[in-house]
Amino acid sequence: MAERRMISKSLLMSNKFLKLNNDEKTLFLYLVTFADDDGIVERSMMIDAPLQVSDSNYKSLEQQGLIISYDDQIKVITDWNRMQSIRKDIYNGTTHIEVRSTLYLKSDYSYTQSRNDDGVFIDANQWVQLGRPKDIKDFASIRESLSNKRL
């Protein structure tokens, strides 16, 4: 696991973050800290016990669009790829491949679980296979070329 993580000032100043209570803000910061290089984190005693959080704290993060709950234990940081810049030579893909296979990227590089959301251009596994590029200028051509490969 990485020793350092970045958190966007714009996210911390956003209404979706500011609406959280202090316990939920702290929980979110812990989740970012303990997430793997794909933004996927397992709920654990290392997070829940010291913070004394409950299911309702996680639910608030989900309602504000800060996390996606894959199940009761696995959470995904939605804005992970916008906050993190992990070099290709040190990137260590998730062990939760089944979770990543349910995710899609939108043109702002945030995760969603719905292929039909506005701005979706690729599924997360394909994006990783392409080398996780964040300098894409033409999302439509990527969408089109990948859909042609599926045929």
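## Exercises around a three-stranded sheet and its salt bridges

In this predicted model, leucine 105 has tyrosine 111 of β5 as its bridge partner. Let's work outwards from there.

**Exercise 1.** Work out in which order the strands of the open sheet run, and which strands sit at the edges.

*Solution.* Start with the pair β4 and β5: they run antiparallel and share two bridges. Next, add the third strand, which gives an open sheet in the order β5-β4-β6 with antiparallel pairing. Finally, look for strands that pair on one side only: these are β5 and β6 (120–123), the edge strands.

**Exercise 2.** Place serine 110 in the fold and decide whether it is buried or exposed.

*Solution.* First, the location: serine 110 is in the loop that links β4 (104–106) to β5 (111–112). Then the accessibility: the relative accessible area of serine 110 is 4%. Buried means under 20%, so this residue qualifies. Now check its side chain, which makes a polar contact of 2.6 Å with the side chain of aspartate 108. Further off in sequence, beyond four places, serine 110 touches Thr78, Asp79, Arg82, Tyr104 and Leu105.

**Exercise 3.** Find out which residues surround isoleucine 77, leaving aside neighbours within four places in sequence.

*Solution.* Begin with the strand: isoleucine 77 belongs to β3 (residues 74–77). Its relative accessibility is 0%, so it counts as buried. Its contacts include Phe28, Leu31, Val32, Met83 and Tyr111. Gly39 is on that list too, and the C-alpha atoms of isoleucine 77 and glycine 39 are 5.3 Å apart despite a gap of 38 residues along the chain.

**Exercise 4.** The structure has 10 salt bridges. Take the one between aspartate 79 and lysine 16 and say which parts of the chain it ties together.

*Solution.* The N to O distance between these two side chains is 3.1 Å. Aspartate 79 is in the loop between β3 and α6 (80–83), while lysine 16 is in helix α2 (residues 15–18), so the bridge links parts 63 residues apart in sequence. As for burial, aspartate 79 is buried at 4%, whereas lysine 16 is partly exposed at 24%.

**Exercise 5.** Contrast that with arginine 87 and aspartate 89: are these salt-bridge partners buried or exposed?

*Solution.* The closest N and O atoms of the pair are 2.9 Å apart. Arginine 87 comes out at 51% relative accessibility, and is exposed; aspartate 89 is exposed as well, at 59%. Elsewhere, salt bridges with shared partners connect Lys16, Asp79, Arg82 and Asp108 into one network.

Methods: Residues numbered from 1 in each chain as written. Predicted model: local features only at pLDDT ≥ 70, side-chain atom pairs only at ≥ 80, totals over all residues. Heavy atoms only, no water. Helix = DSSP H or I, 4+ residues; strand = E, 2+ residues; numbered from the N terminus. Buried < 20%, exposed > 50% of the residue type's maximum accessible area, 1.4 Å probe, protein only. Polar contact = N/O pair within 3.5 Å; in protein donor to acceptor, adjacent residues only side chain to side chain. Contact = heavy atoms within 4.5 Å. Pairing = 2+ DSSP bridges. Salt bridge = Lys/Arg side-chain N within 4 Å of Asp/Glu carboxyl O.
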